[in-house]
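Biologist: I would like to go through this model with you one feature at a time, with the reasoning spelled out before each answer. Could we begin once it is on the screen?

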Amino acid sequence: MTENRHFVTYQNYLKVPELLSLQSPLSDPAEHDETLFIVIHQVYELWFKVVLHELDRVCALLAAGDGARAAATMKRVLTVLKVLVAQLDILETMTPVEFESFRDRLESASGFQSAQFREVEFALGLKRPGVAERFPEGSEERTRLEWRLARPTLWDAFLQFLAGRGRAIPAGALARDVTGPIAPDEDVQDALVGIYRTDPELANLCERLVDLDEGVQEWRYRHVKMVERTIGSKRGTGGSMGVAYLASTVGAHAFPDLWAIRARL
């Protein structure tokens, strides 16, 4: 009797047929650039999934006291962020006229509705409770965001790691309300200054967090310029404020204490 065996192939392991069936342009007749637009944004969502996967890994490594592997994993996240920036170069090959040819088909769809990017913000500590409320109650997106909102951030995991290394992290910072944004703390800054002056290993880990924070800001800046180049001062898709709102997010620090100490080092 012949045994039925399932052989793993490139096609079925990666589900290539299913993946290639997910691009469904809405323009009729079809506009050439809509396929590019869809693929780029689908790839963004895949990379956001990877970033979240790796940030959760960083938190687990810090909880286990493994600073070296946490730093290496943050380097991976930073490399992904650079790929996200590079993808904007591809989008910028599309002229304003080419985008306008199918833009009305997007209707209420907008990048502001990317639940995964909001999850990335929450994971880093850029939390705003009202963000989750923009998604339908009971939806998978809202459930994930509410879970992220209640979960300690990367910064919280880092402070717990430092406390475990015997650093004088104030009790208030270790027990803060994790559903709120990260506020600057002078006592935390004092501890960080001491780390930079006496412990190169921990200072290197601090710098990886700064790299990560800067990497997100770099993506935000390039995203703003891409949108400005494409639609100028027009309102964004879905009725969003477009460039005006995006520009207001540039420079927002996920880890404000690491930036505040620069003047003291």
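Modeller: Is cysteine 206 buried or exposed, and at what relative accessibility?

Biologist: The model is a predicted one, and a residue counts as buried when its relative accessible area is under 20%. Cysteine 206 falls under that limit and is therefore buried, its relative accessibility being 0%.

Modeller: What is the relative accessible area of cysteine 59, and how many disulfides are counted?

Biologist: Cysteine 59 is buried as well, with a relative accessible area of 15%. A disulfide requires two cysteine sulfur atoms within 2.5 Å. By that rule the number of disulfides comes to zero.

Modeller: Turning to the fold as a whole, how many helices and how many strands does the protein chain have?

Biologist: Of the 265 residues in the protein chain, 44% count as buried. Among contacts between residues at least 6 apart in sequence, 73% join residues at least 24 apart. As for secondary structure, the chain has 14 helices, while the number of strands is zero.

Modeller: Which kind of aromatic pair do phenylalanine 48 and tryptophan 219 form?

Biologist: Searching the whole structure gives seven aromatic pairs. In the pair of phenylalanine 48 and tryptophan 219, the ring centres are 6.4 Å apart and the planes stand at 85°. Planes over 60 degrees apart fall into one class, and the pair is accordingly edge-to-face.

Modeller: Why does that pair tie together separate parts of the chain, and how many residues apart are they in sequence?

Biologist: Both phenylalanine 48 and tryptophan 219 are buried. Because phenylalanine 48 belongs to helix H3 (residues 32-63) and tryptophan 219 to helix H12 (residues 200-231), the pair joins parts whose separation in sequence is 171 residues.

Modeller: Tryptophan 219 also pairs with phenylalanine 117; is that pair stacked, edge-to-face or tilted?

Biologist: Tryptophan 219 is buried at 8% relative accessibility, and phenylalanine 117 is buried with a relative accessible area of 12%. This pair, too, links distant parts of the chain, from phenylalanine 117 in helix H6 (residues 115-124) to tryptophan 219 in H12, 102 residues apart. The ring centres of phenylalanine 117 and tryptophan 219 are 5.2 Å apart and the planes meet at 45°, so the pair is tilted.

Modeller: Which residues form one aromatic cluster with Trp219?

Biologist: Phe48 pairs with Trp219, and Phe117 pairs with Trp219 as well. The cluster containing Trp219 is completed by Phe117, Phe48 and Tyr44.

Modeller: How do H6 and helix H8 (residues 140-150) pack, and is their arrangement roughly parallel or roughly antiparallel?

Biologist: The axes of H6 and H8 lie 9 Å apart and make an angle of about 5°. Residues of H6 including Arg118, Glu119 and Phe122 meet residues of H8, among them Arg144, Leu145 and Arg148. Angles under 35 degrees fall into one class, so H6 relative to H8 is roughly parallel.

Modeller: Is helix H9 (residues 154-164) enclosed or open, judged by how many of its residues are buried?

Biologist: Buried residues of H9 include Trp155, Phe158 and Phe161. At the N-terminal end, threonine 153 caps the helix, with a side-chain oxygen 3.2 Å from the backbone nitrogen of tryptophan 155. Since eight of its eleven residues are buried, H9 is, with respect to the rest of the structure, largely enclosed.

Modeller: Which residue has a positive phi although it is not a glycine?

Biologist: Most residues other than glycine have a negative phi. The exception in question sits in the loop between helix H1 (10-14) and H2 and is partly exposed at 49% relative accessibility. With a phi of about 55°, the residue is lysine 15.

Modeller: Which residue follows aspartate 28 across a cis peptide bond?

Biologist: Most peptide bonds are trans. Here omega is about 5°, and the second residue of the bond is found in the loop between helix H2 (16-20) and H3. That residue is proline 29.

Modeller: What separates the C-alpha atoms of glutamate 92 and methionine 226?

Biologist: Glutamate 92 is in the loop between helix H4 (67-91) and helix H5 (96-103), and is buried with a relative accessible area of 17%. Its contacts, leaving aside neighbours within four places in sequence, are Arg222, Lys225, Met226 and Arg229. Although glutamate 92 and methionine 226 are 134 residues apart along the chain, their C-alpha atoms are separated by 6.3 Å.

Note on methods. Residues numbered from 1 in each chain as written. Predicted model: local features only at pLDDT ≥ 70, side-chain atom pairs only at ≥ 80, totals over all residues. Heavy atoms only, no water. Phe/Tyr/Trp six-rings, centres within 6.5 Å; stacked < 30°, edge-to-face > 60°. Helix = DSSP H or I, 4+ residues; strand = E, 2+ residues; numbered from the N terminus. Buried < 20%, exposed > 50% of the residue type's maximum accessible area, 1.4 Å probe, protein only. Polar contact = N/O pair within 3.5 Å; in protein donor to acceptor, adjacent residues only side chain to side chain. Axes fitted to C-alpha atoms, helices over the stretch in contact; angles between N-to-C directions. Parallel < 35°, antiparallel > 145°, perpendicular 65-115°, else oblique. Contact = heavy atoms within 4.5 Å.
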